[in-house]
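Hello,

Here is the structure for you to look through. Please open it first, then read my notes below.

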Amino acid sequence: MGLITYLMMISMFVYSVTFSISLWKDKNKPGSIVVFGLALTIVIVPFFTILK
């Protein structure tokens, strides 16, 4: 179960970061910053809630 959780976290993080990069290239910098913040949240929050 732990491996599946890590794989989901990593895949969601990578997808969000690449989407953030594409937003930055399209000159949507505020949206890119918000999506990157969401990507960081995807990585940080599970360590405090699920993966204690």
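**What I found**

Start with M12, which sits in helix α1. This is a predicted model, so please keep that in mind throughout. M12 has a relative accessible area of 40%. That makes M12 partly exposed, because the value falls between the 20% limit for buried and the 50% limit for exposed. Now jump along the chain to V34, 22 residues from M12 in sequence. In space, the C-alpha atoms of M12 and V34 are 15 Å apart.

**The whole chain**

The chain has two helices and zero strands. Its radius of gyration is 12 Å, well over the 10 Å that the globule rule gives for 52 residues, so the chain is more spread out than a compact globule. Look at the box that the C-alpha atoms fill: along the principal axes it is roughly 40 × 15 × 5 Å. Of the 52 residues in the chain, 23% are buried. The chain exposes about 4100 Å². Carbon and sulfur atoms supply 78% of that area.

**Helix α1**

Helix α1 covers residues 2-25. It has 24 residues. From its first C-alpha to its last it reaches 35 Å, close to the 34 Å expected at 1.5 Å a residue.

Which residues of α1 are buried? They are T5, M9, S16, V17, S20 and L23. What do these buried residues pack against? The answer is α2. When you trace the list along the helix, one rule helps. An α-helix has 3.6 residues a turn, so residues three or four places apart point the same way.

Two of these residues deserve a closer look.

- S20 lies in helix α1. Its relative accessible area is 4%, so S20 is buried. Leaving out residues up to four places away in sequence, S20 touches S32, V35 and F36.
- L23 is also placed in helix α1. L23 counts as buried because its relative accessibility is 13%, under the 20% cut-off. Setting aside neighbours within four places in sequence, L23 is in contact with N28, G31, S32 and V35. M8 is 15 residues from L23 in sequence, and their C-alpha atoms are 22 Å apart.

Compare the two contact lists. S32 and V35 appear in both, touching S20 and L23.

**The nonpolar patch**

Next, turn to the surface. Which residues make the nonpolar patch there? Y6, I10, V14 and F47 do, and the patch measures about 380 Å². Helix α1 gives the most to the patch, with three residues. One of the patch residues, Y6, has its place in helix α1. Is Y6 buried or partly exposed? Y6 is partly exposed, because its relative accessible area is 37%.

**The loop and the start of α2**

Just after α1 comes K27, with a positive phi of about 65°. K27 takes this positive phi although it is not a glycine. Where does K27 lie? It is in the loop between α1 and α2, and α2 runs over residues 29-49. K27 has a relative accessible area of 68%, so it counts as exposed.

Move on to K29, which lies in helix α2. K29 is partly exposed, with a relative accessible area of 37%. Along the chain, K29 and I4 are 25 residues apart. Their C-alpha atoms are separated by 32 Å.

**To check as you look**

Find S20 and L23 on α1, and follow the buried residues of that helix to where they pack against α2. Then find K27 in the loop. Last, pick out Y6, I10, V14 and F47, the residues of the nonpolar patch.

Best wishes

Definitions and conventions:
Residues numbered from 1 in each chain as written. Predicted model: local features only at pLDDT ≥ 70, side-chain atom pairs only at ≥ 80, totals over all residues. Heavy atoms only, no water. Patch = residues over 30% accessible without salt bridge, like charges linked within 9 Å, V, L, I, M, F, W, Y side chains within 5 Å. Areas by Shrake-Rupley, 256 points an atom, 1.4 Å probe, with all protein chains shown as cover. Salt bridge = Lys/Arg side-chain N within 4 Å of Asp/Glu carboxyl O. Helix = DSSP H or I, 4+ residues; strand = E, 2+ residues; numbered from the N terminus. Buried < 20%, exposed > 50% of the residue type's maximum accessible area, 1.4 Å probe, protein only. Rg over C-alpha atoms; globule rule 2.2 N^0.38 Å. Contact = heavy atoms within 4.5 Å. Expected span 1.5 Å × (residues − 1).
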